[in-house]
Every structure is written in structure tokens, then in C-alpha cells.
Amino acid sequence: MTEAERGRFITFEGGEGVGKSTQLDRLAAHLRACGLEVVTTREPGGTPKAEALRKVLLSGRIAPLGPLAEAALFAAARIDHVDKLIAPALARGVFVLCDRFTDSTRAYQGARGGVDPQTLALLEQAAVGDLRPDLTIILDLPHEQGMARAAKRRAATGLRADRFEAEDAAFHEGLRRAFLAIAEQEPERCCVIEASQPLEETARAIRQIVNARFLETQAAAAQ
Ligand SMILES: Nc1ncnc2c1ncn2[C@@H]1O[C@H](COP(=O)(O)OP(=O)(O)O)[C@@H](O)[C@H]1O
Ligand SMILES: Cc1cn([C@H]2C[C@H](O)[C@@H](COP(=O)(O)OP(=O)(O)O)O2)c(=O)[nH]c1=O
């Protein structure tokens, strides 16, 4: 398969409540309206086996084993997710939009959990091989606003704070810095979007980036 035939892999990253799932749904609707096939998925999860691991990870039952054990379990979920869902979809040439991916491990278990980057790089390589997102949208928001949005969402859904939402303000502010640092290290892959604006504005900014990167080149290639 040539590079042009392979699908496009777009990930959404950022702290809790920044609007990742909302924006992922908006972008999926836009791409579908353009006549493109889209697969939406999330991490941890995306396949039945990975969703089972998600339950354990978010329950906090693995937390006492430490961040390295958590990182290993996130990687285990990712192996199944990439093998069974992401790689086959990309091979079919469709767009895959994923709510969180490897950058979340780098930020949560690495920058905040203290697992050393070389160990994480080995786990990442084992789980995803050479697969890298074509584009990563990093939604940036002061942590107070993200936590307020997450609390509002919990009130609406009746869900309790999960293992990571329950961490303190310093943890969440550190996460924000960690995602911004990843964007600085990989500016070609990552786009930071201001997420405090109204969600329609954020959606428009994301559409513009995706149109410019992928749709205009697809249209040009088809001519
Ligand atoms: N730009 C925005 N302004 C205000 N509220 C928002 C915005 N984007 C999302 N929300 C709301 O904030 C909550 C968290 O959004 P969500 O997309 O679930 O975030 P995430 O997936 O990053 O945790 C939801 O209730 C959503 O409706
Ligand atoms: C994918 C991934 C997620 N996580 C964490 C981030 C989130 O707190 C949680 C996933 O929960 P989720 O509800 O999907 O995220 P959000 O609250 O932003 O909507 O798992 C990691 O710690 N490492 C990882 O590799």
C-alpha cells in the first residue's frame, strides 16, 4: 500500500474535561459530511479486551502497584486496540479518530507518574511499532476549567470521579505542562488548540487544520 492509500490517524489529547470527546465527535461529523469513512475510538479501550482493562485501570485497583504497572497495563490494552481496530482500519484507508493515545501515557505515567522516558519508549515501541498519529490535536485549558467541566459532566451523568480525575490540582497543572512540552518536542505532529473558547470556535479551528492537512491534499491527489 502506498502512503497515499493508507488512512489517516488523528488523536486528541489533553487533560480531563478539556473537550476531547466533544471535539472528536464534531470532527467525525464534519469528515462524514465530506463523504469520508471515519472510525471513532478511545483509549484505554476501543476493543472488548481493552475495554475490560479500562475498567480495571480507571477503578484505581492497579494504582497501588505503581505507575510502571499502570503504564504496562495501558500498553497491554493498546496492543489489542492497535492490532484489532486501528491498524486494520488504517489499512482500509479510512480516517481513525482516537480519544487519547500514547501521549497520555507519556504525560500521565511519565511526566506525572515518574516512569522514566526510556522505559516508556520501549513499551510504546512494543505496543504500536512504527505507528504514529498523522496529527495530534492537543486541547489546552487551565486545569480549573477542565476540572469544572469534568465535574459538570459527572453531575449530568451521575458518574463518580475516576482514578485520575481524583488527583489534586498540582497533578492536573503538571499534566497540562506535560502535553505542551510534547507539542514543543514534536511540532510537526502536534497542534495545540485553545480550548477555553466556545466549542463551535474550537471545532472550527480543528476543521481548518484537518482540511488544510488532509482534505486539500486528497482533493489535489484525485485530480
Ligand atoms: N468549549 C466548551 N465550553 C464549555 N463546555 C464544554 C466545551 N467543550 C466541552 N464542554 C463540556 O465539558 C464537558 C467535558 O467535555 P468532554 O468532551 O467530555 O471532555 P474530555 O473528553 O476532554 O474529558 C462536557 O460536559 C462538555 O459538554
Ligand atoms: C490512554 C491513557 C489514559 N490515561 C488516563 C487519562 C484519563 O484520566 C483516563 C481515561 O479516562 P477518560 O474518561 O477517557 O478521559 P477524560 O476524563 O479525559 O474524558 O485514563 C492514562 O493515565 N494513561 C494512558 O495511556
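**Exercise 1. In which helix does Asp80 have its place?** Then work out how covered Asp80 is and which residues it touches.

*Before you start.* You're looking at a predicted model, where local features need pLDDT of at least 70, side-chain atom pairs count only at pLDDT 80 or more, and totals for chains, interfaces and linings use all residues. Residues are numbered from 1 along each chain as its sequence is written, while chains are lettered from A and ligands numbered from 1 in the order in which they are written.

*Solution.*
- Step 1: Find the element. Asp80 sits in helix 3, residues 67-91. (Helices are DSSP runs of H or I with at least four residues, strands are runs of E with at least two, and both are numbered from the N terminus.)
- Step 2: Count the neighbours. With 19 other C-beta atoms within 10 Å, Asp80 is partly exposed. The scale works like this: 20 or more such atoms make a residue buried, 12 or fewer make it exposed, and anything in between is partly exposed, with C-beta atoms placed from the backbone.
- Step 3: List the contacts. Leaving out residues up to four places away in sequence, Asp80 touches Thr47, Lys49 and Ala50. (A contact means that two C-beta atoms, placed from the backbone, lie within 7 Å.)
- Step 4: Try a far-off partner. Asp80 and Ala195 are 115 residues apart along the chain, and their C-alpha atoms are separated by 31 Å.

**Exercise 2. Take helix 2 and sort its residues: which are buried, and which exposed ones sit on the face turned away?**

*Solution.*
- Step 1: Check the length. Helix 2 covers residues 48-59, so to speak a run of 12 residues, and reaches 17 Å from its first C-alpha to its last, close to the 16 Å expected at 1.5 Å a residue. (The expected span is 1.5 Å times one less than the number of residues.)
- Step 2: Pick out the buried ones. These are Ala50, Leu53 and Leu57.
- Step 3: Look down the axis. The buried residues of helix 2 fall within an arc of 60°, so they line one face of the helix. (The arc is that of the directions from the helix axis to the C-beta atoms.) An α-helix has 3.6 residues a turn, so residues three or four places apart point the same way.
- Step 4: Flip it over. The face turned away from the buried side carries the exposed residues Pro48, Lys55 and Ser59.
- Step 5: Find the cover and the end. Helix 3 is included in what covers the buried residues of helix 2, and Gly60, with a positive phi near 90°, follows the helix.

**Exercise 3. Do the same for helix 1: which of its residues are buried?**

*Solution.*
- Step 1: Compare spans. The 14 residues of helix 1 should span 20 Å at 1.5 Å a residue, and the end C-alpha atoms are 20 Å apart, which agrees.
- Step 2: Name the buried set. It's Lys20, Gln23, Leu24, Leu27 and Leu31.
- Step 3: See how they line up. They cover an arc of only 105° around the axis, which puts them on the same side of helix 1.
- Step 4: Check the other side. Ala29, Arg32 and Ala33 are exposed there.
- Step 5: Step off the end. Just after helix 1 comes Gly35, with a positive phi of about 85°.

**Exercise 4. Which residues come nearest to ligand 1, and which to ligand 2?**

*Solution.*
- Step 1: Start with ligand 1. Of the 14 residues around it, Gly19, Lys20, Thr22, Arg149 and Leu199 come nearest. (Being near means that the C-beta atom, placed from the backbone, lies within 6 Å of the molecule or strand.)
- Step 2: Trace them to elements. Helix 1, helix 6 (143-157) and helix 8 (199-222) give two or more residues each to the shell around ligand 1, and helix 6 gives the most, with four.
- Step 3: Move to ligand 2. Here there are 15 residues around the ligand, and Glu43, Ser104, Thr105, Tyr108 and Phe164 come nearest.
- Step 4: Trace these too. Helix 1 (20-33) and helix 4 (102-112) each supply at least two residues of the shell around ligand 2, and helix 4 gives the most, with four.

**Exercise 5. How many helices and strands does the protein have?** Then describe the overall build.

*Solution.*
- Step 1: Count. There are eight helices and five strands.
- Step 2: Read their order. Along the sequence the pattern is β-α-β-α-α-β-α-α-β-α-α-β-α.
- Step 3: Get the dimensions. The C-alpha trace spans about 55 × 40 × 35 Å along its principal axes.
- Step 4: Look inside. Buried residues make up 34% of the 223 residues.
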